[in-house]
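Work through the exercises below with the model open beside you. Try each task before you read its solution.

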Amino acid sequence: MTAPSPAPVVRPHRDDTVLGVLRSPRLLTREALAGIVTTLALVPEVISFSVIAGVDPMVSLVASIVLALVMSLLGGRPAMVTAAAGSVALVIAPLVRAHGVEYVLPAVLLAGVIQIAFGTAGLARLMRFIPRSVMIGFVNALGILIFMAQVPHLIDVPWIVYPLFVLTIVIVVLLPRMTKAVPAPLVAIVVVTVIVVAAGLDVTTVGDEGEMGGGLPGLTPWLVPFSLETLGIILPTALSVAFVGLMETLLTAKLVDDITETPSRKGKESWALGVANIAAGAYGGIAGCAMIGQTVVNVKIGRARTRVSTVVAGLFLLLLVTALSEVMARIPMVALAAVMMIVAISTVDWHSVRPSTLRRMPIPETLVMVVTVAVVVATDNLALGVAVGVLLAMVLFARRIAHVIRVERTVEGGAASADGIGLSSAGPGNAGPGSAGPGSAGPGSGASVRYDVIGPLFFGSSNDLVEHFSYADDPARVTIDLTRASVWDASSVAALDAVGTKYAAHGVEVEFVGLDDRSSEFHGRLTGRLGS
């Protein structure tokens with residue numbers, strides 16, 4: 001019988017490098033077209049996000065050019081698109097409303113420094129500790145906030161806005177069923193803009209939201225005092241910008257890793273994002289991060305694999321900004337609002353809130369997701385919501401894992417073993433102090449007792465460990481076997497010391513055996529040194 005052939009190993013093509021692309025007209029065309037299509041999909045969202053942040057659209061567009069080009073040169077994940085993103089805009093918006101746009105520059109510069117420190121310290125690995133339920137809550141909350149930010153553009157407006165809104169929705173939804181050659185949001189915006197301009201309709205446009213003068217701005221001026229008061233104002237926003245940007249960037253990098261079946265350097269991506277945000281703040285004025293939707297367009301639809309595509313995207317966006325700024329100023333806000341509502345709806349993970357999914361999911365997982373969403377929506381702060389979600393997940397995990405510890409008591413040289421003792425309960429059947437239970441061996445019986453501790457010992461599981469031994473009823477020799485246990489913190493060492501002390505008070509000799517090398521070294525370093 002012939003053995004089945006092993007599955008082929010998918011490896012990245014050798015020509016999927018910058019040098020390979022530049023040598024191949026076919027690959028260069030592929031990368032360039034991918035970059036152009038990505039830019040066309042990028043422009044409407046960047047303009048909309050600038051309105052959310054409360055800054056001029058030109059600020060976000062210029063910052064996106066800087067971000068795309070710097071990350072193309074320094075980033076650790078080729079083909080990933082970085083620009084002024086909605087998640088960062090949502091974090092910056094409260095600062096702009098409360099203190100003014102002049103505080104954005106120092107907040108962005110400080111966020112960049114934090115990201116550089118995060119990346120160079122190798123802390124990108126910490127992202128693996130964010131639970132899936134928090135991630136889903138983050139994505140769902142982002143979709144809700146983006147949707148809610150568009151609602152004001154549909155309230156107290158002329159009646160003509162509503163037919164234009166419906167037309168935009170119809171084009172965005174139906175056009176992809178006929179062709180995907182051109183991004184449907186871009187087509188919808190162009191069509192609605194042409195109708196408004198040709199008919200001379202009086203509706204709010206991008207130009208009404210901020211100055212859209214031609215050309216590129218100079219360096220962003222510093223307009224706030226260097227003081228501790230300024231630091232106090234910008235620090236919360238800077239932390240939020242830094243960690244929200246890192247989170248979305250590292251999540252997107254993981255997505256591209258899966259699509260392209262190639263690894264990324266996430267530490268490099270983290271500090272490079274900090275450098276890019278400092279540059280974007282100094283010449284542009286706002287921060288950014290990876291954009292999941294545009295990255296999928298670039299990698300999946302455009303089939304881009306190298307930095308060439310994102311360089312083309314940045315340069316093409318530069319061309320649009322310098323040559324077509326007056327045209328962009330005439331785009332109706334209703335078209336952008338409709339597009340962003342579609343983006344918001346598609347951002348939400350609807351599978352996570354289906355009744356069938358909720359019935360199958362553990363209640364703690366659903367609770368973490370709901371709390372994450374609620375905190376983000378209530379505070380408009382994505383970073384705070386994620387922090388609360390992670391903290392809640394840690395507490396629920398510690399509570400849950402504390403229940404997996406067992407202690408089993410066996411009488412040797414006498415009767416058979418007793419039932420297992422669960423550390424999480426204190427009801428009937430547990431052998432507590434002074435009640436040896438079945439198979440007991442008194443002090444004068446000549447027998448010995450062995451306790452098997454099963455499961456990880458840490459602060460959540462070991463604090464009650466001392467209560468589950470029969471100190472007064474056990475014989476003169478007791479062995480506590482930790483072969484199937486691990487000692488993880490000082491709380492566990494202190495609990496084991498307390499057990500030994502209680503047995504010594506009853507004249508019982510106790511021996512701890514079975515610790516693995518790591519636990520034994522840890523226990524030996526701390527035992528006897530934690531008491532008063």
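The exercises go from the whole chain to helix packing, single residues and enclosed space.

This is a predicted model, in which local features need pLDDT of at least 70, side-chain atom pairs count only at pLDDT 80 or more, and totals for chains, interfaces and linings use all residues. Residues are numbered from 1 along each chain as its sequence is written, and side-chain values use heavy atoms, with hydrogens and water left out.

**Exercise 1. The whole chain**

Task: State how many helices and strands the chain holds, and what share of its residues counts as buried.

Solution.
- Step 1. Take the secondary structure from DSSP runs, numbered from the N terminus: helices are H or I with at least four residues, strands are E with at least two. The chain has 21 helices and eight strands.
- Step 2. Apply the burial classes: buried is under 20% relative accessible area, exposed is over 50%, partly exposed is in between, with a 1.4 Å probe and protein chains only. Of the 532 residues, 49% count as buried.
- Step 3. Turn to contacts, meaning heavy atoms within 4.5 Å. Among contacts with a separation of 6 or more, 84% come from residues 24 or more positions apart.

**Exercise 2. Two packed helices**

Task: Describe how helix H2 and helix H15 pack.

Solution.
- Step 1. Two packed helices are described by the angle between their axes and the distance between the axes. Axes are lines fitted to C-alpha atoms, for helices over the stretch in contact, and angles run from 0 to 180 degrees between N-to-C directions.
- Step 2. H2 spans residues 25-53 and H15 spans residues 333-347. Their angle is about 100°, and the axes lie 10 Å apart. H2 is therefore roughly perpendicular to H15, a class that covers 65 to 115 degrees; under 35 is roughly parallel, over 145 roughly antiparallel, and the rest oblique.
- Step 3. List the residues that meet. H2 brings Pro44, Glu45, Ile47, Ser48, Phe49 and Val51, while H15 brings Met333, Leu336, Met340 and Val343.
- Step 4. Sort this contact by class: eight residues are nonpolar, one is polar and one is charged. Nonpolar covers Ala, Val, Leu, Ile, Met, Phe, Trp, Tyr, Cys and Pro; charged covers Asp, Glu, Lys and Arg; the others, Gly among them, are polar.

**Exercise 3. Positive phi**

Task: Place Asp156 and Glu261, and give their accessibility.

Solution.
- Step 1. Asp156 sits in the loop between H6 and H7. Its phi is near 55°, a positive value in a residue other than glycine. Asp156 is exposed, at 79% relative accessibility.
- Step 2. Glu261 sits in the loop between H10 and helix H11 (266-282). Phi of Glu261 is also positive, near 55°. Glu261 is partly exposed, at 45%.

**Exercise 4. The largest pocket**

Task: Give the volume of the largest pocket and describe its lining.

Solution.
- Step 1. Set the terms on a 1 Å grid over the protein atoms alone. A cavity is a set of points where a 1.4 Å probe fits but cannot get out; a pocket is an open set with protein on both sides within 12 Å along at least five of seven lines; lining residues have an atom within 4 Å of a point.
- Step 2. Grid points are joined across faces, edges and corners, and a volume is the space filled by probe spheres set on the points. The largest pocket holds about 1,400 Å³.
- Step 3. Its lining has 49 residues, with Ile292, Gly293, Gln294, Val296 and Ser346 nearest the centre. By class, 31 are nonpolar, eight polar and ten charged.
- Step 4. Among the elements that each supply at least two lining residues are H2, helix H12 (292-301) and H15.

**Exercise 5. A small cavity and Thr310**

Task: Which residues line the second largest cavity, and is Thr310 buried or exposed?

Solution.
- Step 1. The second largest cavity has about 30 Å³ of space. Met71, Ser72, Arg77, Pro78, Ala79, Met80, Arg307 and Thr310 line it.
- Step 2. Helix H3 (57-74) and H13 each give two or more of these residues.
- Step 3. Thr310 belongs to helix H13 (residues 307-323). Thr310 is buried, with a relative accessible area of 5%.
- Step 4. Beyond its neighbours within four places in sequence, Thr310 contacts Ala68, Ser72, Ala79, Met80, Val81 and Asn298.
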